[in-house]
Amino acid sequence: MLLVYENRIDGIVAEWKKTVHFPPHLHEAIEVVYVTDGDIELGVGQELYHMDEGDFAIVFPNVIHHYQVFGQKKNKVIYLYLDPKLFPSYYKELQNYSPENPVVKKRKVHPDVVNAIKYLAEITDGNPMLIKAYAQMILAYVFTTMPLIDKSAVGRDDLIYNAVEYVAKNFRENISLEKMAYELCVSKYVLSRMFAKTFHCNFSKYVNGVR
């Protein structure tokens, strides 16, 4: 994944990226995705969602997700990473729920949401209250238009989720494939094959990428 642009402001990280495959991962931020060119596949939990130019998606904190790109055409995406602590009125919902379908197609995305995403991606020096207002506009749109389900229903009981969660919690420590397999009660060979087939990389490469 090639970083094209990065902007860090008041608990918000905005990135323009030329997107390739990015393996399953999770983090504590709210992740907003907006496709500006081409198309991508967004995987959330065990489901895969196709996104075309102009489509919008959101991933709530601590939900496993990944990206894939098929073909050779250029794909460009805006990613916004919002700190949930910036939005105390939504904090409980963000921790306990997740959108039933994380993707909104272009024809249904409100123009104000698109303007807010582009503003947050491009601003380098702005009024902190205005910056927060734009971020809240995006969340208000999500909570009023996207049905939510209990987060525990979003692929939390499979080996992929357990592996991603384990690495996310322990990546600062000296972990090995053998130790991880033992603690997840699975064969290291099964775990190794999962990284190769699902994560498209070996265990060491994935852990180093998380670090």
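Residues are counted as buried when their relative accessible area is under 20%. By that criterion D55, at 2% relative accessibility, is buried. The structure described here is a predicted model.

D55 takes part in a salt bridge with K105, with an N to O distance of 2.5 Å. This pair connects distant parts of the chain, since D55 lies in the loop between β6 and β7 (56-59) and K105 in the loop between β11 and α2, 50 residues apart. K105 also forms a salt bridge with D52, where the closest N and O atoms are 3.6 Å apart. Here too distant parts of the chain are linked: D52 belongs to strand β6 (residues 47-52), K105 to the loop between β11 (103-104) and α2 (111-122), and the two residues are 53 positions apart. The accessibility of the three residues is not uniform in class. D55 is buried at 2%, whereas D52 is partly exposed with a relative accessible area of 32% and K105 is partly exposed at 27%.

A search of the whole structure yields three salt bridges. Besides the two at K105, a salt bridge is found between the side chains of E178 and K188 (3.6 Å, N to O). This pair also links distant parts of the chain, with E178 in helix α5 (residues 177-183) and K188 in helix α6 (residues 188-198), ten residues apart. Relative accessibility is 44% for E178, which is therefore partly exposed, and 30% for K188, which is likewise partly exposed. Through salt bridges that share partners, D52, D55 and K105 are joined into one network.

Strand β6, which carries D52, is part of an open sheet of four strands. The strand order is β3-β8-β5-β6, with antiparallel pairing. β3 (22-25) and β6 are the edge strands, each pairing on one side only. From one strand to the next the twist averages 20 degrees.

Within this sheet, β5 pairs with β6 and with β8. The antiparallel pairing of β5 with β6 comprises six bridges. In this pairing I40 stands opposite M51 of β6, and V44 stands opposite E47 of β6. β5 and β6 form a hairpin with two residues between the strands, in which G45 adopts a positive phi near 65 degrees. Towards strand β8 (residues 65-68), β5 pairs in the antiparallel sense over four bridges. G43 has H66 as its bridge partner in β8.

β5 is mostly covered, with six of its six residues buried. The burial extends to both faces of the strand: D39, E41 and G43 are buried on one side, and I40, L42 and V44 on the other.

The surroundings of V44 were examined individually. This residue is found in strand β5 (residues 39-44). Its relative accessibility is 8%, so V44 counts as buried. When neighbours within four places in sequence are left aside, V44 is in contact with Y49, V59, V63, I64, H65, P102 and V154. The C-alpha atoms of V44 and P24 are separated by 8.7 Å, the two residues being 20 positions apart along the chain.

Helix packing was examined for α2 and α3. The axes of α2 and helix α3 (residues 128-145) come within 9 Å and cross at roughly 140 degrees. The two helices are therefore oblique to each other. The cut-off matters for this assignment, because angles count as roughly antiparallel when over 145 degrees. The crossing of α2 past α3 is left-handed. On the α2 side the contact is made by D112, V113, A116, I117, Y119 and L120, and on the α3 side by L130, I131, Y134, A135, M137, I138 and Y141.

Key
Residues are numbered from 1 along each chain as its sequence is written. This is a predicted model: local features need pLDDT of at least 70, side-chain atom pairs count only at pLDDT 80 or more; totals for chains, interfaces and linings use all residues. Side-chain values use heavy atoms; hydrogens and water are left out. Buried means under 20% relative accessible area, exposed over 50%, partly exposed in between (1.4 Å probe, protein chains only). Contact means heavy atoms within 4.5 Å. A salt bridge is a side-chain nitrogen of Lys or Arg within 4 Å of a carboxyl oxygen of Asp or Glu. Two strands pair if DSSP finds at least two bridges between them. Axes are lines fitted to C-alpha atoms, for helices over the stretch in contact, and angles run from 0 to 180 degrees between N-to-C directions. Angles under 35 degrees count as roughly parallel, over 145 as roughly antiparallel, 65 to 115 as roughly perpendicular and the rest as oblique. A crossing is left-handed if the near helix is turned anticlockwise from the far one by less than a right angle, and right-handed if clockwise.
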